[in-house]
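Colleague: I would like to go through this model with you, one question at a time. Please give the reasoning before each result.

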Amino acid sequence: MSHSPSLPDRPRLELDPEMSDAERLEAIRQHYRRIVQVNDELETRLADAEGRRGELKDDVEQLKRENEVLKTSSLYIASVEEITDDGVVIKQHGNNQEVLTQAASRLDEDLRPGDRVAINDSFAVQQVLDDETDSRAQAMEVTESPDVEYADIGGIDDQIREVREAVEDPLENPEQFEKVGVDPPSGVLLHGPPGTGKTMLAKAVANESDATFIKMAGSELVRKFIGEGARLVRDLFELAAEREPAVIFIDEIDAVAAKRTDSKTSGDAEVQRTMMQLLSEMDGFDDRGEVRIMAATNRFDMLDEAILRPGRFDRLIEVPEPGAEGRERILEIHTADMSVADGVDLGAVARDLDGYSGADIASLATEAGMFAIRDGRTEVSQGDFEAARDKLQDADKEDERVINYQY
Ligand SMILES: Nc1ncnc2c1ncn2[C@@H]1O[C@H](COP(=O)(O)OP(=O)(O)OP(=O)(O)O)[C@@H](O)[C@H]1O
């Protein structure tokens, strides 16, 4: 980076006590002229710098957009069938279409029949993938005992009770359900705004019922593992059966179970296949042993009703944004390990956080701690919480501004 030339010196007025009045006046006039000159020069520099800043801002926006495109551009999955002198014969997963194509030249040496590869929109081979078990490992997060407890979740006690009834009780006392002769709910769907504790709730119930937690994100199935969704859903249920007792958690289920639209693009067909697989796994799950199925969505309105029929996700639990009391409880949880100064009124802080989710409150607590640290203090004051709130609100506004700018 080039350094900008140093700023002009500040002019100094030097008056000699020996000077006559006329000389003093002249010296002051000259000083005034120098100040005007330096001022002009600084103004030009400032205008230049502002112009440059505008250019850099444009560059940043441009890079942000390119980055977004790179992050979201998808590749399809295919298998290499044959390598011929004319090119590579591949079979695309999902639609089984066979195509004669080329590989990127850097891959020429690496390709073997049977390899799993990623192809772009024009079917050119872009990447050789590791074997299948890898995508299974990547698509599923498996945790023996997640480190979340019911006590870590604030403001949604009713929802915790409902989840315990629908998930924990059948896992721990299956005989009781049998004796009474009722089937426990097949699937539990948590729905509500982002960051309200849905994932925490699923992890906590797995932990507290000593079950393995197996998470799959619907959005990744359709973005990252194109052509593999249905197979991964099958693997998910198989893995759960191997690891029982287990809790399956499908986050962002709306990505694979949205209402059918009229469009017949291949993307939609693929999503449909993934959803059909999910429905058939749930339907065939009567003898499911000690496996419970949970899912979460922020977009309940978008769900296909097929997924909500009896025997599928038939227990709906809404996880709403916390009210003032819930916010205070969440704030207490997230400040429990912090040194909060005596006299800080967390209730008053929480009352001012209308519209904040649990995730927002967790960031607020961390941010308040950062204010104390920056200030060289070891205790977090009421003022730190207020400063954190102002900062998060400003950041929110900034986000809105960027979003408005982009669309
Ligand atoms: N009710 C809550 N009590 C305590 N902490 C919470 C609560 N809700 C959210 N949090 C905090 O926010 C983080 C994110 O919450 P979580 O992932 O459970 O939300 P979610 O509802 O699943 O969100 P999303 O829909 O965005 O996936 C948690 O790790 C926790 O720190």
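Colleague: Is T196 buried or exposed?
Modeller: This is a predicted model, and T196 sits in the loop between β7 (187–191) and α5 (198–208). A residue needs 20 or more other C-beta atoms within 10 Å to count as buried. T196 has 28 such atoms within 10 Å, so the residue is buried.

Colleague: Which residues does T196 touch, leaving out those up to four places away in sequence?
Modeller: T196 belongs to the loop between β7 and α5. With residues up to four places away in sequence left out, the contacts of T196 are V319, P320, E321, S357 and G358.

Colleague: How many other C-beta atoms lie within 10 Å of G197?
Modeller: G197 is also placed in the loop between β7 and α5. Beyond four places in sequence, G197 touches I153, I156, V319 and G358. G197 is buried, because the number of other C-beta atoms within 10 Å is 27.

Colleague: Which residues does the UniProt annotation "binding site" cover?
Modeller: The annotation comes from an unreviewed UniProt entry, and such annotations may be inferred rather than shown by experiment. T196 and G197 are among the residues covered. The full list in the record is G195, T196, G197, K198, T199, M200 and H334.

Colleague: How far apart in space are Q159 and V319, C-alpha to C-alpha?
Modeller: Q159 is part of helix α3 (residues 157–172). Its contacts beyond four places in sequence are L201, I317 and V319. Q159 and V319 are 160 residues apart in sequence, and their C-alpha atoms are separated by 6.8 Å.

Colleague: Why does Q159 count as buried?
Modeller: The cut-off for a buried residue is 20 or more other C-beta atoms within 10 Å. Q159 counts as buried because its number of other C-beta atoms within 10 Å is 20.

Colleague: In what order do the 5 strands of the open sheet lie?
Modeller: The pairing in this sheet is antiparallel. The edge strands, each paired on one side only, are β3 (98–101) and β5 (125–128). From one strand to the next the twist averages 40°. The order is β3-β2-β1-β4-β5.

Colleague: Which residue in β2 is the bridge partner of V80?
Modeller: Strand β1 (residues 76–84) pairs with strand β2 (residues 87–92) in the antiparallel sense, over 6 bridges. In β2, V80 has as its bridge partner I90.

Colleague: What distance does helix α7 reach from its first C-alpha to its last?
Modeller: Helix α7 (residues 229–242) has 14 residues. Among its buried residues are G229, L232, L236 and L239. At 1.5 Å a residue, the expected span is 20 Å, and the helix comes close to this with a reach of 20 Å.

Colleague: Which two residues are joined by a cis peptide bond?
Modeller: Most peptide bonds are trans. At the cis bond, omega is about 0°. One partner, P245, lies in the loop between α7 and β9 (246–251). The bond joins E244 and P245.

Colleague: What is the phi of D210, and is the residue buried or exposed?
Modeller: D210 lies in the loop between α5 and β8 (212–217). It is not a glycine, yet its phi is positive, at about 50°. With 12 other C-beta atoms within 10 Å, D210 is exposed.

Colleague: Is E252 buried or exposed?
Modeller: E252 is in the loop between β9 and α8 (266–283). Although E252 is not a glycine, its phi is positive, at about 50°. E252 has 20 C-beta neighbours inside 10 Å, so this residue counts as buried.

Colleague: What percentage of the 407 residues in the protein is buried?
Modeller: The protein has 12 helices and 11 strands. Among contacts between residues at least 6 apart in sequence, 72% join residues at least 24 apart. Buried residues account for 32%.

Colleague: Over which residues is the pLDDT below 50?
Modeller: The mean pLDDT of the protein is 86, and 90% of its residues reach 70 or more. The model scores ipTM 0.96 and pTM 0.68. Where pLDDT is low, the predicted coordinates should not be read in detail. The stretch with pLDDT below 50 has 0 contacts in the model beyond near neighbours in sequence, and covers residues 403–407.

Terms used. Residues are numbered from 1 along each chain as its sequence is written. This is a predicted model: local features need pLDDT of at least 70, side-chain atom pairs count only at pLDDT 80 or more; totals for chains, interfaces and linings use all residues. Two strands pair if DSSP finds at least two bridges between them. Helices (H or I, at least four residues) and strands (E, at least two) are DSSP runs, numbered from the N terminus. Axes are lines fitted to C-alpha atoms, for helices over the stretch in contact, and angles run from 0 to 180 degrees between N-to-C directions. pLDDT is the predictor's confidence in each residue, from 0 to 100. Two residues are in contact if their C-beta atoms, placed from the backbone, lie within 7 Å. The expected span of a helix is 1.5 Å times one less than its number of residues.
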